[in-house]
Structure formats: C-alpha cells, structure tokens
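Work through the following exercises with the sequence and the model side by side. Each task is followed by a solution that proceeds step by step.

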Amino acid sequence: MPTRKTDRRTQYTINIVKEAFLELINDHPYSQITVTQVCRQAEITRSTFYLHFNNLTDVLNVVLDDALMISKNSAESLPNISELSIDCLKQNESLLPTCQRIASATKYRALLMDPDLSEYIIGRIASHERGRMIPLIQQQTGLNSQDAETLFNYTLHGSFAINKRHHFIKDDEWYHEVELLNRFINAGYRTFKK
C-alpha cells in the first residue's frame, strides 16, 4: 500500500474494504473474488479502492495483519505443555496455535478455510512468528537456528492442518488432538535438550 497520512476518512474506507472482503470470502473462494465485487460490496468506486490498495493481495495482507495482531502471543518461553490439561488449554488462549487464536474471531474462519490460501496464510503466520518462535525453540532444544526453523515449520504446518480439519472450531476432539500433539512436540524438545 502507498504510504500516506491516515485520516478518519481514509481509515473508514480501508475498514469498509476489509469488511467487504471478509463478507465476500464467506461466500466465495479467494480466487473468484474481484476488485469489482469488493467495490460493489463496500459501495465505493474502483478509483477509491486503488487510492488505498494496489490489488486484492494488498487487502488480503491487511486483513491477515489485523488477524495476527489480535492473536498476538507475548510468551517469552515455551510452556511445558505435556503437564497441561485440556482444562488449562481452554483457560489459557495464549497457549493455543496462532491459527486457532486467529480463528477465535469468527470473521476470519472462512478465510482460514479457503483452500487457495492455506499456504499463503501459513507463510504470513511464519513471517509473523518466526522471529519470536525460533529463538524459543532453540532455547528449549539447544538446536541451531536452521534446525529450530525446521521444527517451527513442521509444527506450524501440522497445527494448521489439524485446525483446518476441525474447521477451526474448538470442540473436545480438537482439544484432545492439540494436547496430544503438544505433548509429542514437548517430548521431542526435551529429547534434543539432553
């Protein structure tokens, strides 16, 4: 997006474009959404759209950035999840995978379920979380950064797949699977630390 001063009208327009995009993604796959549809849904002209965004990917990125901001996890160490119960996971959202914290806001679920966007979204989550998570994995495992990144990517892709299979809905089966996978990962981390 071009850099410009953000006044109230600009922010309003950006917000209605994001809302229109999210409404459309509920009914159509990303690959079928057009700028024209977004403009019609937002009740703006194409020139207004292009004043704020270069293309639909810009809108997608802004929406994903918003989602990642609400899912922010400020943990400075990885918890020993093998000792955590399902009840503890239910009460402590910060221990849930990033994609699941994003899906806690139902307006993002259809976006996360879009088959055309899975890898793109995983890439955005990875970019957002990499700088924080790789050092934490290194601290927990004693591995170098390249190996820690491999574990990070494995965990991120696996977590996303499990969450997508459950349509990003946290039911008892989902909690059981997350607890199981977290115990598995934590046991692996401890093995590397020895």
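**Exercise 1. Determine whether C99 is buried or exposed, and how many disulfides a search of the whole structure finds.**

Step 1. C99 has a relative accessibility of 1% and therefore counts as buried, where buried means under 20% relative accessible area, exposed over 50% and partly exposed in between, with a 1.4 Å probe and protein chains only.

Step 2. C39 is likewise buried, its relative accessible area being 4%.

Step 3. A disulfide is a covalent bond between the sulfur atoms of two cysteines. With the criterion that a pair of cysteine sulfur atoms lie within 2.5 Å, the search of the whole structure returns zero disulfides.

The basis of these values should be stated before going on. The model is predicted, so that local features need pLDDT of at least 70 and side-chain atom pairs count only at pLDDT 80 or more, whereas totals for chains, interfaces and linings use all residues. Residues are numbered from 1 along each chain as its sequence is written, and side-chain values use heavy atoms, with hydrogens and water left out.

**Exercise 2. Describe the secondary structure of the protein and state what percentage of its residues count as buried.**

Step 1. The protein has ten helices and zero strands, helices (H or I, at least four residues) and strands (E, at least two) being DSSP runs numbered from the N terminus.

Step 2. Of its 194 residues, 43% count as buried.

Step 3. Among contacts (heavy atoms within 4.5 Å) with a separation of 6 or more, 68% are between residues 24 or more positions apart.

**Exercise 3. Characterise helix α4: what is its span, which residues are buried, and which helices do they pack against?**

Step 1. Helix α4, residues 56-70, has 15 residues and reaches 22 Å from its first C-alpha to its last, which is close to the 21 Å expected at 1.5 Å a residue; the expected span is 1.5 Å times one less than the number of residues.

Step 2. The buried residues of α4 include L56, V59, L60, V63 and L64, and also the polar D58 and N61.

Step 3. These buried residues of α4 pack against α1 (8-25), α2 (35-42), α3 (46-52), α6 (98-103), α7 and α8.

Step 4. At the start of α4, a side-chain oxygen of N55 comes to within 3.1 Å of the backbone nitrogen of T57.

**Exercise 4. Examine the salt bridges of R132 and R165, and explain where their partners lie.**

Step 1. A salt bridge is a side-chain nitrogen of Lys or Arg within 4 Å of a carboxyl oxygen of Asp or Glu, and the whole structure holds six of them.

Step 2. R132 and E129 meet in one of these at 2.6 Å, N to O. Because they are three residues apart in helix α8 (residues 118-141), about one helical turn separates them. R132 is partly exposed, with a relative accessible area of 22%, whereas E129 is buried at 4% relative accessibility.

Step 3. R165 pairs with E177, their closest N and O atoms being 2.4 Å apart. R165 lies in helix α9 (residues 145-165) and E177 in helix α10 (residues 172-193), so this pair ties together parts that are twelve residues apart in sequence. E177 is buried, with a relative accessible area of 12%.

**Exercise 5. Identify what surrounds D114, which is buried yet has no salt bridge.**

Step 1. D114 lies in the loop between α7 (109-113) and α8.

Step 2. The nearest side chain of opposite charge is that of K164, 6.8 Å away, with Lys and Arg counted as positive, Asp and Glu as negative, and His and the chain ends not counted.

Step 3. A polar atom of the D114 side chain lies 2.6 Å from the backbone nitrogen of Y30.

Step 4. Leaving aside neighbours within four places in sequence, D114 is in contact with I25, H28, P29, Y30 and K164.

**Exercise 6. Compare the accessibility of H167 and F168.**

Step 1. H167 is in the loop between α9 and α10, where F168 is also found.

Step 2. Neither residue is a glycine, yet phi is positive in H167 at about 55° and in F168 at about 60°.

Step 3. H167 counts as partly exposed at 46% relative accessibility, whereas F168 is buried, with a relative accessible area of 0%.

Key:
Polar contact = N/O pair within 3.5 Å; in protein donor to acceptor, adjacent residues only side chain to side chain.
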